[in-house]
Amino acid sequence: MEGNMILAILVFYPFIGAIVSAWVGRRKEIIRDYFADFIVASEFIITLVIFCANARSGKGLSYHDCYLPQICGMGLHFTMEGFRMVYAMTAAFMWMMTTILSREYLKHHENKSRFYSFLLATLGATMGVFLSADLFTTFIFFEIMSFTSYVWVAQEETESSLKAASTYLAIAVIGGLVMLMGIFILYHELGTLDISELFFAATVYEGDRTMLYGAGVCLLVGFGAKAGAFPLHIWLPKAHPVAPAPASALLSGILTKTGVFGVLIVSCNLFLGNAVWGSLLLGIGVLTMFGGAFLAVFSVDLKRTLACSSMSQIGFILVGIGMQGLLGVENMLAVRGTFLHMLNHSMIKLVLFMAAGVIFMNAHALDLNEIRGFGRKKPLLKWVFLTGALAISGIPLFGGYISKTLLHESILEYGGGSLMKAVEIIFLLSGGLTLAYMTKLFIAVFVEENKDSEKQKHFDGQVHYMNLESCFALAGSAAVLLIWGLFPHAIMNRIAGFGRYFMNFLNTEEEPVVLYFSISNLRGAVISVLIGVLVYILAIRKLLMRRGDYIDVWPGWLDMERLLYRPILLGFLPVVCGILCRVCDSFVDGVAVMLRKSLYKDSPLPYERPEGNLVTDLIGRVLNFLQRMRNRLWGRKNPTHRDYVHLAAATSEELRESFTIIQRSLSFGLLMFGIGLTLTLIYIILW
């Protein structure tokens with residue numbers, strides 16, 4: 001019962017807070033702001049107490065009995081073990097820091113009550129995803145999370161934000177529908193959606209493995225869309241620049257991890273140790289990892305660069321999941337590297353996006369040429385941003401180096417010839433590109449001077465550029481990130497052990513000690529650093545700058561949404577479906593005419609049309625209207641006035657024939673509908 005209460009509080013407490021926040025916000029804004037702070041702070045305290053109480057076990061106390069029946073048909077089922085516990089605490093911490101920052105960031109914004117309400121509601125939905133014990137519960141809260149976070153992207157209600165929000169929602173809805181299809185297939189084949197039972201059910205499954213692969217691919221599409229994996233990454237570079245910075249930090253740092261969470265469920269339960277599945281995820285991970293870093297190098301928008309960086313870091317994580325499948329039972333390095341890089345990326349993007357928010361709320365711009373030199377005389381902001389930049393670049397003594405080293409070592413451990421050698425090269429190259437674009441951001445904002453001397457003087461004079469609460473949010477998050485990386489064996493290794501049970505790493509042999517700062521492990525970091533320095537000097541400074549300004553040379557037309565998705569979804573599919581519908585309509589009409597001429601023979605009408613031009617004219621008008629509606633639906637040319645006169649002057653025989661067709665097509669359609677419904681009910685009852 002105690003477990004039930006704790007998990008119910010963690011999931012539904014923020015939803016209650018969202019409703020109360022909306023009510024309070026109508027009366028007193030300052031009370032609403034502090035009330036939201038109280039909700040997220042108390043949520044974090046609850047998760048922290050649970051974590052501290054169970055940290056010694058390494059696995060974490062599980063709550064397997066939290067089942068709420070008769071909700072959404074199948075009930076809601078929650079559980080908590082090591083992985084879920086750590087990520088529940090991480091999510092609560094990130095929400096607490098971003099909510100504190102939101103008070104100053106949204107000071108001059110409109111619709112603040114709406115933002116806070118959906119901020120809290122999304123926290124509850126995210127907790128529901130991470131604590132879900134079955135895929136049905138995961139799906140329910142996953143979809144709630146998609147719709148509540150949509151409001152974040154559309155918060156400013158500008159043309160660009162609404163367009164980005166529509167892209168985000170379209171990807172979320174399409175991905176959710178495909179995911180639901182995968183859940184249907186999986187439940188039909190295995191008979192369970194309980195995550196703890198999937199591994200055993202898939203192991204003893206004797207049916208067609210193709211069906212399991214089909215279900216897995218459907219789930220991968222749904223979860224991969226939220227994670228921002230290639231080729232469903234298109235919402236990331238569009239949503240982050242237009243969303244408020246606190247929302248961007250959560251979108252990048254935690255909501256993408258709900259997608260990774262789902263990918264891990266599929267990979268570590270249905271396809272554990274499956275080389276084919278591992279190769280698929282490795283390929284997607286490599287494309288995502290390099291593609292995101294490549295786009296970030298070309299970007300001249302601060303938040304867009306960080307968004308593309310998120311795509312790249314998700315690629316690193318997917319590479320780790322792919323290596324788990326390829327390495328089989330010997331996948332300890334990949335398991336630990338995957339979990340640690342998830343946590344690293346969450347904390348890094350919390351720091352970087354909040355720093356970007358402070359820059360934007362003072363400079364009111366994101367273009368590097370406009371914000372250049374903003375942070376030259378702001379040591380706290382410079383230290384915070386540098387901490388995140390060094391961590392994400394994989395520099396030794398920072399957390400990103402530890403997780404990237406584990407992932408790199410897993411690639412080396414597998415070997416595999418020239419193909420895996422290419423994967424290693426792209427891995428190191430992507431790390432170098434990360435250093436290059438983060439160096440570009442840091443030098444532009446904190447080292448160089450703005451070309452407009454008056455603007456630079458204004459930037460230097462902004463001493464009180466953030467209040468004490470915002471200082472606490474940024475400095476506290478950066479301090480946690482810094483301490484986290486400085487003690488890899490005492491902190492990071494211990495936290496990494498919490499993920500092994502969720503990822504079904506069941507090797508009971510003693511885990512080898514990884515010497516993170518040995519010469520062999522440092523070699524990979526040194527190679528990436530050298531690549532990053534060369535890319536920055538030769539590419540960014542020489543090719544991507546003109547007359548001292550950063551230039552955007554990326555072709556505007558080279559957009560997957562514009563080139564691929566919109567033409568397919570809004571052009572090709574409607575045309576194909578329209579043709580199919582017309583074929584089916586013509587086929588049914590043909591069957592109706594055939595039956596009318598054979599089995600259902602025509603009989604004389606029981607009435608004669610009254611004489612008089614007035615009635616004829618009225619009937620003609622009705623037929624003309626029906627014809628216009630039909631043509632508008634099918635895109636045909638509307639009848640002219642001459643056609644109308646012709647219809648109005650039709651003979652009584654032609655009018656009787658028209659009414660006969662309408663009458664008998666309708667009756668035949670109803671007859672066919674009844675037959676179809678009857679057959680469907682028979683199929684459901686018998687099969």
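Me: Is Glu 448 buried or exposed?
Reply: This is a predicted model, and the answer rests on a computed area. Buried means under 20% relative accessible area. Glu 448 has a relative accessible area of 13%, so Glu 448 is buried.

Me: Which side chain meets that of Glu 448 in a salt bridge?
Reply: The N to O distance in this salt bridge is 2.7 Å. Glu 448 lies in the loop between α17 and α18, and the partner lies in the loop between α21 and β3, so the pair ties together parts that are 93 residues apart in sequence. The partner is partly exposed, with a relative accessible area of 32%. The side chain is that of Arg 541.

Me: Which residues do salt bridges that share partners join into one network?
Reply: Glu 29 and Lys 112 meet in a salt bridge at 3.2 Å, N to O. Glu 29 lies in helix α2 and Lys 112 in helix α4, so this pair ties together parts that are 83 residues apart in sequence. Arg 32 and Asp 33 meet in another salt bridge at 2.9 Å. The network consists of Glu 29, Arg 32, Asp 33 and Lys 112.

Me: What is the relative accessibility of Arg 32?
Reply: Its salt-bridge partner Asp 33 is buried, with a relative accessible area of 8%. Arg 32 also counts as buried, because its relative accessibility is 0%.

Me: Why are α12 and α13 described as roughly antiparallel?
Reply: Angles over 145 degrees count as roughly antiparallel. The axes of α12 and α13 are 9 Å apart. The two helices are therefore roughly antiparallel, as they pack at an angle of about 175°.

Me: Which helix gives the most to the nonpolar patch?
Reply: The nonpolar surface patch covers about 940 Å², and its residues include Ile 174, Trp 557 and Phe 572. Trp 557 lies in the loop between β4 and α22, and counts as exposed because its relative accessibility is 54%. Seven residues of the patch come from the helix that gives the most, α22.

Me: What is the phi of His 364?
Reply: His 364 lies in the loop between α13 and α14. With a relative accessible area of 60%, His 364 is exposed. His 364 is not a glycine, although its phi is positive, at about 55°.

Me: Which residues does a cis peptide bond join?
Reply: Omega of this bond is about 5°. One partner, Pro 231, lies in the loop between α8 and α9. The cis peptide bond joins Phe 230 and Pro 231.

Key. Residues numbered from 1 in each chain as written. Predicted model: local features only at pLDDT ≥ 70, side-chain atom pairs only at ≥ 80, totals over all residues. Heavy atoms only, no water. Axes fitted to C-alpha atoms, helices over the stretch in contact; angles between N-to-C directions. Helix = DSSP H or I, 4+ residues; strand = E, 2+ residues; numbered from the N terminus. Parallel < 35°, antiparallel > 145°, perpendicular 65-115°, else oblique. Patch = residues over 30% accessible without salt bridge, like charges linked within 9 Å, V, L, I, M, F, W, Y side chains within 5 Å. Areas by Shrake-Rupley, 256 points an atom, 1.4 Å probe, with all protein chains shown as cover. Salt bridge = Lys/Arg side-chain N within 4 Å of Asp/Glu carboxyl O. Buried < 20%, exposed > 50% of the residue type's maximum accessible area, 1.4 Å probe, protein only.
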